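Notebook open, model loaded. I wanted to look up a few helices and a strand and jot down what sits against what.

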Amino acid sequence: MPLYTCSPLLPPPTVNSHSPPHRRAYSSSSIRRRFTSRPKPISSFPPNSAKFSRTPLLQCSSSFPMTAEQDSSSTSQPQVQGSLLKSRAFWVSESIIAWDVDAGNDSCYLFASETAALSLTGDGVLGEDVKVQLQEDRHGLPENVKAKFPHIKDYRAFTVPPDLDVKSLLKAQLAVATFSSDGRCSDATGLQLPGVLDELFSYDGPLGAVYSKEAVSLYLWAPTSQAVSVLIYKEPSGGNPLEIVQLEEVNGVWSTRGPKTWEGCYYVYEVSVYHPSTLQIEKCYADDPYARGLSADGRRTLFINLDSDHIKPEGWDKLVDEKPDIHSSSDISIYELHIRDFSANDQTVLPEFRSGYLAFTSQDSAGVSHLKKLSDAGITHVHLLPAYQFAGVDDEKGNWKSVDSKILEKFPSDSSEQQALITAIQNDDGYNWGYNPVLWGVPKGSYASNANGSYRAIEFRKMVQALNRFGLRVVLDVVYNHLHGSGPFDENSVLDKIVPGYYLRRNTDGFIENSTCVNNTASEHFMVERLILDDLLHWAVDFKVDGFRFDLMGHIMKRTMVKAKDALCSLTKDRDRVDGSSIYIYGEGWDFGEVANNGRGVNASQFNICGTGIGSFNDRIRDAILGGSPFGHPLQQGFVTGLLLQPNGYDHGPEVVAERMLAESKDHIQVGMAANLRDFVLTNFEGKEVKGSEVLTYGGTSVAYALDPTETVNYASAHDNETLFDIVSLKTPFEISVEERCRINLLASSIIALSQGIPFFHSGDEMLRSKSLDRDSYNSGDWFNRIDFTYNSNNWGVGLPPKEKNEKSWPLMKPRLAEPSFKPQKSHIHAAVENFSDLLRIRYSSPLFRLRTANAIQERVRFHNTGPASVPGVIVMSIEDGHEGLPGLSQLDPIYSYIVVIVNARPTEVSFTSPSIRARTLQLHPVQVIVFCGVNS
């Protein structure tokens, strides 16, 4: 990709130039238990009689899985429509219950049982302590309720008597039922409580463990609990508790004050609470939702004061003054990296440091040397895949299983034996991407030298400090959209044990939504949002993280994201030892599942998030560059992979269809190169002047959505789906050379590197990294995820990738993996690294590649070779600077007055002439003059 700059003294040369990622899927099922009890006489108590004792109640210890259809207490009595296993009614405020019940003029009653003794029989709901009649409000739900719960906006509204002791009732099993005039029960269901909990118990005081000079205090938000105790342990596992302390409740917050000697000990909460998944009062044992440390098995929370000097590396409090300079968010470029991938295969790292935080402190390792090289070239941020406490990897390294790599190396490059051995132990090894969160606020123990005690906190800080000191800021991948565990018995469940039914988003039947993969969280609820905000501030202040990438950001409310940005920006050097104005946040703005089209409120989707300064991944440019989508046929080609110009045998339709697809892909890329700005005006392939928002995807939605360049994160590959080299190797014709594939790999990276907006690169893109064509390596072990920072191998051809996600494509993969000519040699990898570094040097050689406003991009960026007469497969972009004789533009670059970028995706050289460019005096960029990379562009 030659890049030309303008100097008025040189003659003009003749220009001859050659959606939503696949999600991890986990199985989870809510545990349902049949509840039976002897019917009690129906009785009504005065409203104030619903005050319950704070002593733990007797509960059953066994459970039986059960479906909603099985909910029936008696088969000998008339069947009643409804089920107590479902929660189809919503207690939305202190005075209103919403229920979409089809009961005509039937009477509606609220039932409560302190001991969870409610049962549904042919006679109706039995076993209650309290029975209260509700009155329907014919005006429907108030507007504020409709705004908070748009998915139930058309439900009927029932008013709760004003003298009812609602706070006490919320600790009981609850149900509503309708009765006809003859006393027959016509319908019944349980209730969902987040609305009324938010209204009555929203809280902004201290939570978690709070340390003072004299004491340690605990605060737990658990308004539906009947009793809460804390068990204090000396050791991380085993033994009896040193003491058991009963917490006291004030308005839903349980607290206690303990001695300073608790610090360094461990604790567990014992919570007695009604759980809607079992219809029982359960005694749940859980970690603190605000845990800052854990035991190695994750079952006990560590009392750890992160302000203690002995947990701070030397110079930690002054790190804010050592952070690499970032003058504008437009200057950011991001390199995505998995902590274990970074050093698991690096023999230059001490064995005890490999695969963990401390590998980043190994100043002379191959991996650190590579990161320093990228930093010197221009990369500003390292995005670390999840580093909080997640499930799927045991924190005790001694429990891991592994396969001897020498055994795996003996199998052919297209064998299925490697994946069979890897997958046999994949849930017991040390590998997982980490998108299965258990506790958001604690560093993952498996990356620490010792998962017990304060090691993980200290070593995480040393990692951040080391990266900052060699020029890289740190982005943390956060997964607030779901949790790995739920229910009262799952060992990975925390929040759903503390306040069951609140933290996790439920459907209109009361069952947990799983569109993210499992256990969707509900940021539209006040205390869920608060936990997210508190957690972000914790990582920014306590661990000095410089940015956050939000997994499935579209499942989080826009309001939450805006509050998060504002809260982080409010951090100051003087008060917090953090410059919050430099923290960048971005995420996946996919709009699907129950939140699609603002189904649960205005969500942080690509189209909704514009105007906030929050970035979102631009899947449009990715799909246009490579072809198809992660959900399409793997051979579908795109702009750089041969569409029309270098066919691979896949049927793209008649030639006229392929021509149009190529032209549309070019438009999509050009919009992306202009930061995917909604209002950027360009000439499309039909010759019409259109805005970016008027250029449409194949599905008919707008390509562009951003209002500011920092709202667009351009990328060609990420951890999801195949690596860039692998997808190029799949989509390009079988017979082309490996040298051509290497050039195409670089061409794709070139488009991203030289676009306006924020460029994002997957670790290894610059080294032709391969995962042996694995399309989803989240649990594929070190073998398929290896990175070689010595540049000896790119990991191509290490066997067919794991069967679960790849088997249907094995027939396409097998001949490619078997063909020796597909594998790059060391010289190819070295050249790729140097060429990638040159791209970064070019980007950072001029501020014109990093324009800060939408207006600047519209004024200065132009695309040539457009319209119906354009040369297919060629993009020509110019960027204008202010200079003498050009009124209206300020000068941004003291060196270059005009830049031209030419992208040629054709397999041969092509000539392009532009009168407006010929009038300029151009020369090849100095970086390309010194070491011309040889790309056909």
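Started with what covers helix H5 (residues 366–377). Its buried residues are covered by, among others, strand S21 (334–337), helix H4 (339–343), helix H8 (455–469) and helix H21 (826–843). Contact here is heavy atoms within 4.5 Å; helices (H or I, at least four residues) and strands (E, at least two) are DSSP runs numbered from the N terminus.

Note to self: this is a predicted model, where local features need pLDDT of at least 70, side-chain atom pairs count only at pLDDT 80 or more, and totals for chains, interfaces and linings use all residues. Numbering runs from 1 along each chain as its sequence is written, and side-chain values use heavy atoms, with hydrogens and water left out.

Which residues of H5 are buried (under 20% relative accessible area, 1.4 Å probe, protein chains only)? I listed Ala 366, Gly 367, Val 368, His 370, Leu 371, Leu 374, Ser 375 and Ala 377. After H5 comes Gly 378, with a positive phi near 145°.

Next, H21 again, this time against helix H17 (residues 738–753): the packing angle is about 20° and the axes are 10 Å apart. That makes the two helices roughly parallel (angles under 35 degrees). From H17 the contact uses residues including Cys 742 and Leu 746, and from H21 residues including Phe 836 and Leu 839.

Last, strand S35 (residues 898–904), where I found 7 of 7 residues buried. One side has Tyr 898, Val 900, Ile 902 and Asn 904, the other Ile 899, Val 901 and Val 903. Strand S34 (residues 874–880) runs antiparallel to S35, joined by 7 bridges, and Val 874 has Asn 904 as its bridge partner.

Methods: Buried means under 20% relative accessible area, exposed over 50%, partly exposed in between (1.4 Å probe, protein chains only). Two strands pair if DSSP finds at least two bridges between them. The expected span of a helix is 1.5 Å times one less than its number of residues. Axes are lines fitted to C-alpha atoms, for helices over the stretch in contact, and angles run from 0 to 180 degrees between N-to-C directions. Angles under 35 degrees count as roughly parallel, over 145 as roughly antiparallel, 65 to 115 as roughly perpendicular and the rest as oblique.
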